[in-house]
Every structure is written in C-alpha cells, then in structure tokens.
Amino acid sequence: MARSRPGPHGDPGLQPERTSLAWGRTMMALVTVSAIFLRWLPAHGFPILLLFAVSSAAALAIYLTQRRRYSTSSHGIARENVDADITAVLWTAFAGVVLGGLGIGVVLAA
C-alpha cells in the first residue's frame, strides 16, 4: 500500500494538507462556474464573458499559487511559525464579490 510522503513537518495529516485540499475544491468550484457561464452565453450575450473571465482568472491564480502556499505553510509548521495567507483569502473574497456584482448586473440588464 502506497503511503503519502509527509511534508517537511513530518505528519501528512496536518493543516497544510487540509488547506491545500480546500483551495483545490475552491479552484474546482470556480472552474465549474466558468463552464456554466459559457453555457449561459447564448441567452445573456457577451456580458457573460466578464463573469467567465473573473472566475477563470481566480481559478488560475489559485492553481498557480497552490504549491507556494503549501510549501510556506508546511515549512512554517516545521519552524513553529505559521502566518496566515491573508492576501490569498482577500483576493478570493474580492473575486466572489465581483462575480456577485457582475451577476446581478447581467440579470438586471436582461
């Protein structure tokens, strides 16, 4: 049976792994929403492309920064000095607010 290789902190069940999985689920949700927006393109027209662009950009940003976030968190646990990644959370929240605002705008414009 293959065992997962523990990170630099020595325990494969610690917070970095759970956090990495949560970011992965967030990224997959954004990719799914992007696909749904493309399906709405014929009914709502080109303003939907703004929603698609924001959700795709947020998913891509999460994907590109995932390894760095995991490594920083993992090494932080090993050093017993972990800082929260407030920037990533704020940017994700900002993307959610922008998506909500654009969605309301598209619905009201229709």
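Two residues are taken to be in contact when heavy atoms of each lie within 4.5 Å. With that in hand, a tour of this predicted model can begin at Gln 66, a residue of helix H2, which spans residues 48-79. Leaving aside neighbours within four places in sequence, Gln 66 is in contact with Ser 20, Trp 23 and Gly 24. One of these partners is also reached through a polar contact: the side chain of Gln 66 comes to 2.8 Å from the backbone oxygen of Ser 20. Gln 66 has a relative accessible area of 17%, and because the cut-off for a buried residue is under 20%, Gln 66 counts as buried. Trp 23, another of the contacts of Gln 66, has a charged companion as well. Arg 69 lies over the face of the Trp 23 ring, 4.2 Å from the ring centre.

Aromatic pairs come next. Two of them turn up when the whole structure is searched. In one, the ring centres of Trp 91 and Phe 94 are 5.7 Å apart and the ring planes meet at 85°, so this pair is edge-to-face; the angle required for that label is over 60 degrees. Both residues belong to helix H3 (residues 86-109), and because they are three residues apart there, about one helical turn separates them. As for accessibility, Trp 91 is exposed, with a relative accessible area of 57%, whereas Phe 94, at 48%, is partly exposed.

The nonpolar interior can now be considered. The largest nonpolar core contains 13 residues, and those with the most contacts inside it are Leu 30, Phe 37, Ile 48, Leu 51, Ile 62 and Leu 99. Helix H1 (15-44), H2 and H3 are the elements that each give two or more residues to this core. H2 supplies the largest share, with five residues. Leu 51 offers a good look at the packing: not counting residues up to four places away in sequence, Leu 51 touches Phe 37, Leu 99, Leu 102, Gly 103 and Val 106.

Finally, the record can be set beside the model. An unreviewed UniProt entry places the feature "transmembrane region" at residues 21-40, 46-65 and 86-109. In the model, residues 46-65 are 90% helix and 0% strand, with the end C-alpha atoms 29 Å apart. Residues 86-109 are 100% helix and 0% strand, and there the end C-alpha atoms lie 34 Å apart. The Trp 91 and Phe 94 pair sits in helix H3, which covers residues 86-109.

Definitions and conventions. Residues numbered from 1 in each chain as written. Predicted model: local features only at pLDDT ≥ 70, side-chain atom pairs only at ≥ 80, totals over all residues. Heavy atoms only, no water. Phe/Tyr/Trp six-rings, centres within 6.5 Å; stacked < 30°, edge-to-face > 60°. Helix = DSSP H or I, 4+ residues; strand = E, 2+ residues; numbered from the N terminus. Buried < 20%, exposed > 50% of the residue type's maximum accessible area, 1.4 Å probe, protein only. Lys NZ or Arg CZ within 6 Å of the ring centre and 35° of its normal. Polar contact = N/O pair within 3.5 Å; in protein donor to acceptor, adjacent residues only side chain to side chain. UniProt positions renumbered as here; feature names shortened; annotations may be inferred. Core = buried A, V, L, I, M, F, W, Y, C linked by side-chain atoms within 4.5 Å.
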